[in-house]
Amino acid sequence: MLDVRALVAARRVVVHFQPIVSLRRRQVIGYEALARGVGEHGWISPLALFEAARQQGLALELDRLCRETALRTFVASSLGSVMLFLNVDPTALNATVVGSQWIRRMAEEVGIPPSSVVIEIAETQVTDAQLLYDFAKQYRQQGFLIALDDFGAAHSNLDRLAQVAPDIIKIDRGLVQGAHQSPARRLLLHSLADLCRRQGALGLAEGVENAAEALALAAAGFDLFQGYFFGRPAEASVASADGAAQAVHTLAREFEKYRRRCLVTAKRRSREMLQRVQEMVHVLRQYDPSEFAAVLEEIVGLSNDVDCIFVTDVRGIQISTTVCQDREHRNGGLLFQKAPPGTDHGIKDYIAVPRRLHKEWYISNRYVSYATRSICRTVSYAFQARDGRTYFLCVDFTEDNFDQLFPVEDHDNDL
């Protein structure tokens with residue numbers, strides 16, 4: 001059995017450092033300190049080491065030894081003027097520890113400013129939310145930055161984001177791995193990146209192992225990355241920023257190409273949709289409202305990517321039936337049904353925005369149709385019919401999914 005007390009007494013702990021990069025800055029912005037125990041037969045993994053320490057009631061002692069070793073090694077190294085990401089074992093937190101000021105005193109002793117240290121806490125392992133809040137508040141007031149680690153793993157609590165207000169949110173590698181192969185995962189990551197921004201925090205994707213994952217995460221909105229693709233953990237004496245910097249420069253070039261393709265594709269698609277709706281409006285102008293239904297039926301029959309189509313008056317009150325493609329849909333019960341004549345669409349953006357801005361047309365963002373449960377975008381276009389009144393033609397175009405318009409492709413690890 002591993003004797004943690006003897007290991008701590010002999011200070012048999014070493015620290016390796018893994019680079020953390022910024023895509024926008026195209027450089028290494030910090031290193032995470034990863035402690036390992038030194039046993040008779042080689043390295044002891046952090047998981048095994050800390051599990052043994054908890055069983056022997058020595059989690060705090062081991063945690064402090066690891067943090068002290070990390071701080072001293074980092075200051076003595078030539079890693080440069082970057083951030084040190086310092087882990088705190090959440091199971092060691094209690095009221096006494098939170099008020100001890102140990103990290104501040106140790107930082108002062110080794111000569112590293114608090115503004116250069118990011119304290120990482122795996123919030124899923126903290127049972128007392130108040131202790132987590134008090135700990136984060138105390139050290140933030142002293143100038144340290146706070147990161148919530150492994151977010152998205154196990155039972156992450158969204159309410160703690162608002163309570164702790166972390167500076168950095170590290171997304172668990174379980175969500176990151178294989179992101180380039182899963183549109184559903186990319187959608188979730190896109191939402192998490194947006195959540196980080198709305199919380200005033202930087203999102204950091206950890207566990208990035210290849211170029212395709214990195215590109216998918218950049219497309220989802222992440223700027224900070226950590227993982228084998230950018231550099232493996234290494235002792236301070238051999239750790240180098242060169243490989244990580246080269247990888248992030250290459251990623252930046254590929255991301256710029258990807259973004260240009262997305263913009264070109266999006267503009268082309270928008271022009272196509274708008275042109276086709278203009279052609280439909282040209283036809284409808286020749287008819288009275290009583291004849292719209294028959295015309296809409298003909299339009300849908302000739303348009304494979306038109307999901308639904310209907311006409312409203314200038315206020316957004318639907319005056320025609322909703323005509324949809326003749327295909328089977330999942331049973332939507334009372335929720336997913338075609339809107340009947342008389343439905344008020346005035347609150348929807350494709351009616352409200354062009355009315356408010358006095359625009360002739362509008363193209364909505366993607367959304368789930370209440371008529372068919374399809375993912376679609378609506379193009380609305382104001383026109384004057386034969387009766388002299390103004391109406392809105394609303395055309396729902398189907399979209400494959402909520403993912404990026406230009407799919408993330410697989411690349412070799414070196415891009």
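**Helix 10 and Gln18 in a predicted model**

Biologist: In this predicted model, which residue follows helix 10, and what is its phi?

Modeller: Helix 10 covers residues 211–220, and the residue that comes after this helix has a positive phi. That residue is Gly221, with a phi near 115°.

Biologist: At the other end, which residue caps the N-terminal end of helix 10?

Modeller: The cap rests on a side-chain oxygen that lies 3.2 Å from the backbone nitrogen of Ala212. The residue that supplies this oxygen is Asn210.

Biologist: How many residues of helix 10 are buried, and which elements do they pack against?

Modeller: Helix 10 is mostly covered, with 10 of its 10 residues buried, and among them are Glu213, Leu215 and Leu217. The elements that these buried residues pack against are helix 8 (173–176), helix 9 (183–198), strand 8 (202–206), strand 9 (224–226) and helix 11 (242–284).

Biologist: Turning to Gln18 in strand 1, is this residue buried or exposed?

Modeller: Gln18 has a place in strand 1, which spans residues 13–22. A residue is called buried when its relative accessible area is under 20%. Because the relative accessibility of Gln18 is 7%, this residue counts as buried.

Biologist: Which side chain makes a polar contact with the side chain of Gln18?

Modeller: Leaving aside neighbours within four places in sequence, Gln18 is in contact with residues including Tyr31, Glu32, Tyr228 and Arg232. A polar atom of the Gln18 side chain also lies 3.0 Å from the backbone oxygen of Gly231. The side chain asked for, in polar contact at 3.1 Å, is that of Gln226.

Notes:
Residues are numbered from 1 along each chain as its sequence is written. This is a predicted model: local features need pLDDT of at least 70, side-chain atom pairs count only at pLDDT 80 or more; totals for chains, interfaces and linings use all residues. Side-chain values use heavy atoms; hydrogens and water are left out. Buried means under 20% relative accessible area, exposed over 50%, partly exposed in between (1.4 Å probe, protein chains only). Helices (H or I, at least four residues) and strands (E, at least two) are DSSP runs, numbered from the N terminus. Contact means heavy atoms within 4.5 Å. A polar contact is a pair of N or O atoms within 3.5 Å; within protein, one must be able to donate a hydrogen and the other to accept it, and residues adjacent in sequence count only if both atoms are side-chain atoms.
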